There are 2 protein chains.
Amino acid sequence: MLTEKIKDDFSNLLIKEGMKLTSSRLSILDNILSNDSHRECDQIYEDLINDDVKVSRATIYRTLDVLVKYDYVRKLDIGDGKVRYEKKLGTKHHDHMICIETGDIIEFHNNEIEDLQDKIAERHGYKIVRHVHQLFVKPLSSK
Amino acid sequence: MLTEKIKDDFSNLLIKEGMKLTSSRLSILDNILSNDSHRECDQIYEDLINDDVKVSRATIYRTLDVLVKYDYVRKLDIGDGKVRYEKKLGTKHHDHMICIETGDIIEFHNNEIEDLQDKIAERHGYKIVRHVHQLFVKPLSSK
DNA sequence: GTTTATGCAAACCTTTTGCAAATTT
DNA sequence: AAATTTGCAAAAGGTTTGCATAAAC
């Protein structure tokens, strides 16, 4: 369920962009913000259909682009050919550890690494705009 | 130009896999090891054709799979929809900083970050198999 | 001579796009 | 009523695949 504030903010953002507040867009936003997993577009589509929300994949793709642009959603690409999306609004920054045995995606955050990254970029004359940090792991117990 | 040692090692590896040492495979390996850039399959294809090596894209894809599996080549995916390949044999481990203004790819390495990564994984009961660390940056001078 | 590799074109699969119909303002 | 959005199905774009032919062993 979207709060009034979220709905208002979203509405204003759309107006600012010359876009309209449609029920499809609200349903997609609601679905994303109510879910903590890392889903492919098709999974989101299935979930919406199961909730009796009638939308097309095309609309989901088009809406995800807007949501990513405005930081409601983060696009996650772990290089397995499947692009995933996760809620970003109201969450803290984190990176991902992916278990290569189970496919589990675990979130992590480390300030020291963040600082070191910044220094490396600065040393080369750059400033970081965003970063991707993914650890592909297996259980210590695994051979 | 491939050294005898590299050629022998490659030959042995193929034999072990029940595969044959073909001129296509040697040409592709040679091309990769002679190049320090980060190229898409299609760029590699063009470069080979320009060198009068007659191969198909299919063969390049199939050969790259083997080369990646045996650490001759690293597959690089910076999430822009273009998968790139870079020489790995004889190079030191590094990660990538990508300039979002010029598309330049700069290599970097930092032991402290590597150690911190290991600790994070361990703390969660995992061991790192590989990782992806990419900094998307812009010049400090840029607004 | 047997087996694996190659090239070609078709198939794949996810994402994007053009357009007419539907929805929003 | 004017403008944007939607769904559909087609297009796109990179990668994979099946199969007949070629090359390696």
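Buried means under 20% relative accessible area, exposed means over 50%, and partly exposed lies in between. The exercises below concern a predicted model.

**Exercise 1.** Determine which accessibility class applies to B:Arg57 and to its salt-bridge partner B:Asp42.

*Solution.* Step 1: the side chains of B:Asp42 and B:Arg57 form a salt bridge, with N and O 2.2 Å apart. Step 2: B:Arg57 has a relative accessibility of 37%, so it is partly exposed. Step 3: B:Asp42, at 34%, is partly exposed as well. Step 4: place the two residues in the chain. B:Asp42 belongs to helix H3 (residues 41–50) of chain B and B:Arg57 to helix H4 (residues 57–69) of chain B; the pair, 15 residues apart, links distant parts of the chain.

**Exercise 2.** Classify the two residues of the salt bridge between A:Lys87 and A:Asp36 as buried, partly exposed or exposed, and locate them in chain A.

*Solution.* Step 1: the closest N and O atoms of this salt bridge are 3.2 Å apart. Step 2: A:Lys87 lies in strand S3 (residues 83–87) of chain A, whereas A:Asp36 lies in the loop between helix H2 (23–33) and strand S1 (39–40), 51 residues apart. Step 3: A:Lys87 is buried because its relative accessibility is 18%. Step 4: A:Asp36 reaches 62% and is therefore exposed.

**Exercise 3.** Explain how B:Glu4 and B:Lys7 are placed relative to each other in helix H1 of chain B.

*Solution.* Step 1: their side chains meet in a salt bridge with an N to O distance of 3.9 Å. Step 2: both belong to helix H1 (residues 4–16) and are three residues apart, so about one helical turn separates them. Step 3: B:Glu4 is exposed at 55%, while B:Lys7 is partly exposed at 29%.

**Exercise 4.** Describe the interface of chain A and chain B by its area, its polar contacts and its salt bridges.

*Solution.* Step 1: the contact draws 34 residues from chain A and 34 residues from chain B. Step 2: the buried area is about 3200 Å², and carbon and sulfur atoms give 69% of it. A:Tyr126, A:Lys127 and A:Phe136 supply 20% of the area that chain A buries against chain B, more than any other three residues. Step 3: the interface holds zero salt bridges, but 12 residue pairs are in polar contact across it. Step 4: S6(A) gives the most to the side of chain A that touches chain B, with 14 residues. Step 5: 13 bridges join S6(A) to strand S6 (residues 126–139) of chain B, and the two strands run antiparallel. In this pairing, A:Arg130 stands opposite B:Phe136.

Key. Residues are numbered from 1 along each chain as its sequence is written. Chains are lettered from A and ligands numbered from 1 in the order in which they are written. This is a predicted model: local features need pLDDT of at least 70, side-chain atom pairs count only at pLDDT 80 or more; totals for chains, interfaces and linings use all residues. Side-chain values use heavy atoms; hydrogens and water are left out. Contact means heavy atoms within 4.5 Å. Buried area is the accessible area (1.4 Å probe) that two parts lose on being put together, summed over both. A salt bridge is a side-chain nitrogen of Lys or Arg within 4 Å of a carboxyl oxygen of Asp or Glu. A polar contact is a pair of N or O atoms within 3.5 Å; within protein, one must be able to donate a hydrogen and the other to accept it, and residues adjacent in sequence count only if both atoms are side-chain atoms. Helices (H or I, at least four residues) and strands (E, at least two) are DSSP runs, numbered from the N terminus. Two strands pair if DSSP finds at least two bridges between them. Buried means under 20% relative accessible area, exposed over 50%, partly exposed in between (1.4 Å probe, protein chains only).
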